[in-house]
Amino acid sequence: MVDKRGAGSLDSAFARAVRDARLALGLSQDDLGARMAQRGYDFHQTTIAKIERGARRVAVGEAAELADILGIPLAAVLGRDPASVSARRAQIEAKTRRVLADLAALEDRAREARGRLDELLQLAVEFDATVGEDLVEWRGERMTAGAFLGDLFDVLDVDALSDWERFARSSGGAAMLRHFGLVRGSQVTSLERPNG
């Protein structure tokens, strides 16, 4: 039986895989081009753009280097069935890693924001003690600034950071973060090279 998909479909599948993996890792086309240049290839942002839109074919050595940089298995990308389990797994792993890396990067900002919100709540309590009267209407009730902010914080679920910390410290969460190269010792880090 003759495979009618041909080289064009392989090129398209590879182009999609490169783009998806690059975006999942948070790399710009410029970043990826620079990494290829460091490995001895005459690559630039425009080279990556052409590859991703299918306007430039990729040599075998280039494909192997791109796959290595992006942490995607070349065999899965070159599989005749783009919906194969291994290709789909590589895509899901790359996207999962990116989401986890974003959450890890937001942890410090969230902790700082929580501190500022606590400071704001304390200021509202001090303001209420000074003014001593109902100030705002919230959900059809008149209440003090402190009570208003307390209710608002409950609605916003600003304590969700503790859920992230609990996840990151649990054995399953820590194992997942390690699997995606996001933990060094006990410290959650930004993007590192994926394992496996």
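The legends below describe views of a predicted model of one protein chain.

**Figure 1. Overall secondary structure of the protein chain.** The protein chain contains nine helices and four strands. Along the sequence, these elements are arranged in the pattern α-α-α-α-α-α-β-β-α-α-α-β-β.

**Figure 2. Burial, surface and contacts across the protein chain.** Of the 196 residues in the protein chain, 30% are buried. About 12200 Å² of the protein chain is exposed, and carbon and sulfur atoms contribute 54% of this area. Among contacts with a separation of 6 or more, 53% are between residues 24 or more positions apart.

**Figure 3. Close-up of Glu 52 in helix α3.** Helix α3 spans residues 45-52 and includes Glu 52. The relative accessibility of Glu 52 is 13%. Buried means under 20% relative accessible area, and therefore Glu 52 counts as buried. When neighbours within four places in sequence are left aside, the residues in contact with Glu 52 are Ala 15, Val 18, Arg 19, Arg 22 and Gln 29.

**Figure 4. Close-up of helix α9 and the residue Gly 181.** Helix α9 comprises residues 171-179, and its buried residues are Gly 173, Ala 174 and Leu 177. These buried residues lie on the same side of α9, because they cover an arc of only 95 degrees around the axis. Gly 181, located just after α9, has a positive phi of about 70 degrees.

Definitions and conventions. Residues are numbered from 1 along each chain as its sequence is written. This is a predicted model: local features need pLDDT of at least 70, side-chain atom pairs count only at pLDDT 80 or more; totals for chains, interfaces and linings use all residues. Side-chain values use heavy atoms; hydrogens and water are left out. Helices (H or I, at least four residues) and strands (E, at least two) are DSSP runs, numbered from the N terminus. Buried means under 20% relative accessible area, exposed over 50%, partly exposed in between (1.4 Å probe, protein chains only). Contact means heavy atoms within 4.5 Å. Accessible areas come from the Shrake-Rupley method with a 1.4 Å probe; for residues, only the protein chains shown count as cover. The arc is that of the directions from the helix axis to the C-beta atoms.
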